[in-house]
Amino acid sequence: MASRRPSAPPTAAPSSTPAPAAGDRPRRRLSVDERREQLIAVALELFSRRPPEEVSIDDIAAAAGASRPLVYHYFPGKQALYEESLRRAGRELAGRFEEPLDGPLSERLYRVMGRYLDFVQSHGPGFAALLRGGSVAASAGTSAVIDEVRQAAHDQILTHLAVPKASPALRLTVRAWIANAEITSLEWLAERSVPLEELQLHLVQEFVASLALTAAREPALAAELSGYLAGERPDGPTGRLVRDLAGLFAVPGIAEAVAALSAEPSPQD
């Protein structure tokens, strides 16, 4: 008589597809916003290391681990991606001019210029090409971004000066100094002939000298300048500038020339 005891269940055949290891799990699909942000970040990194005309959509796609069609899905072309990357960098650069309104004026500006020059050094090739006007990627859009950064810098400097009402001459002094900082820093990128800290100090002292020259012609600003100087320290940028000038004016020949030039001119017949 056949046994009615149930037979053991059949052994399952081994699966031909092994379970994925923890490191082999598929990557999480990026959301639309995350992918767009990733493409902008990758493009900005490439544009920071090379002039924009030397960066292609294929370069951006490869660096982002994406396909060329996917990049075009988010941006109509390289120019649009470049301008968006520049806007991102512009916001970062403008933010570097923000500084608490505490302590001597020249020391605040010294910290600001340290952050500015660090940015210039990190994003050199792309921004050098644009600011020199030699980039084929320059456009009304990119020029607008640069103008916004310049305006933000201008407004921040005036905030530090804290004058009741900035005169046209003072505004011109600030704008001229910002333009000079751009030109000087880009020349430094090309040659790097002086240490970065020396350039940082030089730019701040140039501003102090320009401010003093403007104040010499504006009594209201001269009163404000006396307050700035009273808050400075001997080891700060302004204190070092004053000592350098005092030493220069003590050089034989220069002292006499300065004394002669500062004398009241004789009346003319």
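**Helix packing around H9**

Let me begin with one residue, Ala-144, which is found in helix H7. Please keep in mind throughout that what you have in front of you is a predicted model. Is Ala-144 buried or exposed? With a relative accessible area of 35%, Ala-144 falls in between and is partly exposed. Its C-alpha atom is separated by 9.3 Å from that of Arg-87, although the two residues are 57 apart along the chain.

From there I would like to turn to the helix pairs, beginning with H5 and H9. The axes of helix H5, residues 105–122, and helix H9, residues 196–215, come within 9 Å and cross at roughly 130°. Because the range counted as roughly perpendicular ends at 115 degrees and roughly antiparallel requires over 145, H5 is oblique to H9. The crossing of these two helices, H5 and H9, is right-handed. On the H5 side, the contact is made by Leu-105, Ser-106, Leu-109, Tyr-110, Arg-111, Met-113, Gly-114, Leu-117 and Gln-121, while the residues that H9 contributes include Leu-196, Glu-197, Leu-203, Phe-207 and Leu-211. Sorted by class, this contact of H5 with H9 comprises 13 nonpolar, four polar and two charged residues.

H9 also packs against helix H11, residues 237–249, and here the axes come within 9 Å and cross at roughly 75°. H9 and H11 are therefore roughly perpendicular to each other. In this contact, Leu-201, Val-204, Gln-205, Val-208 and Ala-209 of H9 meet Pro-237, Thr-238, Arg-240 and Leu-241 of H11, which by class gives six nonpolar, two polar and one charged residues.

That brings me to the nonpolar cores. Which residues of the largest nonpolar core touch the most other members? Of its 38 residues, they are Leu-161, Leu-170, Val-174, Phe-207 and Leu-211. The elements that give two or more residues to this core are helix H4 (78–95), H5, helix H7 (140–161), helix H8 (168–191), H9 and helix H10 (219–230).

Leu-211 deserves a closer look, since we have already met this residue in the contact of H9 with H5. If we leave aside its neighbours within four places in sequence, Leu-211 is in contact with Leu-105, Leu-161, Leu-170, Thr-173, Leu-221, Leu-225 and Tyr-228. Apart from the largest core lies another one, of 17 residues, and among them are Leu-46, Phe-47, Val-55 and Tyr-74.

Key
Residues are numbered from 1 along each chain as its sequence is written. This is a predicted model: local features need pLDDT of at least 70, side-chain atom pairs count only at pLDDT 80 or more; totals for chains, interfaces and linings use all residues. Side-chain values use heavy atoms; hydrogens and water are left out. Axes are lines fitted to C-alpha atoms, for helices over the stretch in contact, and angles run from 0 to 180 degrees between N-to-C directions. Helices (H or I, at least four residues) and strands (E, at least two) are DSSP runs, numbered from the N terminus. Angles under 35 degrees count as roughly parallel, over 145 as roughly antiparallel, 65 to 115 as roughly perpendicular and the rest as oblique. A crossing is left-handed if the near helix is turned anticlockwise from the far one by less than a right angle, and right-handed if clockwise. Contact means heavy atoms within 4.5 Å. Ala, Val, Leu, Ile, Met, Phe, Trp, Tyr, Cys and Pro count as nonpolar, Asp, Glu, Lys and Arg as charged, and the others, Gly among them, as polar. A nonpolar core is a set of buried Ala, Val, Leu, Ile, Met, Phe, Trp, Tyr and Cys residues joined through side-chain atoms within 4.5 Å. Buried means under 20% relative accessible area, exposed over 50%, partly exposed in between (1.4 Å probe, protein chains only).
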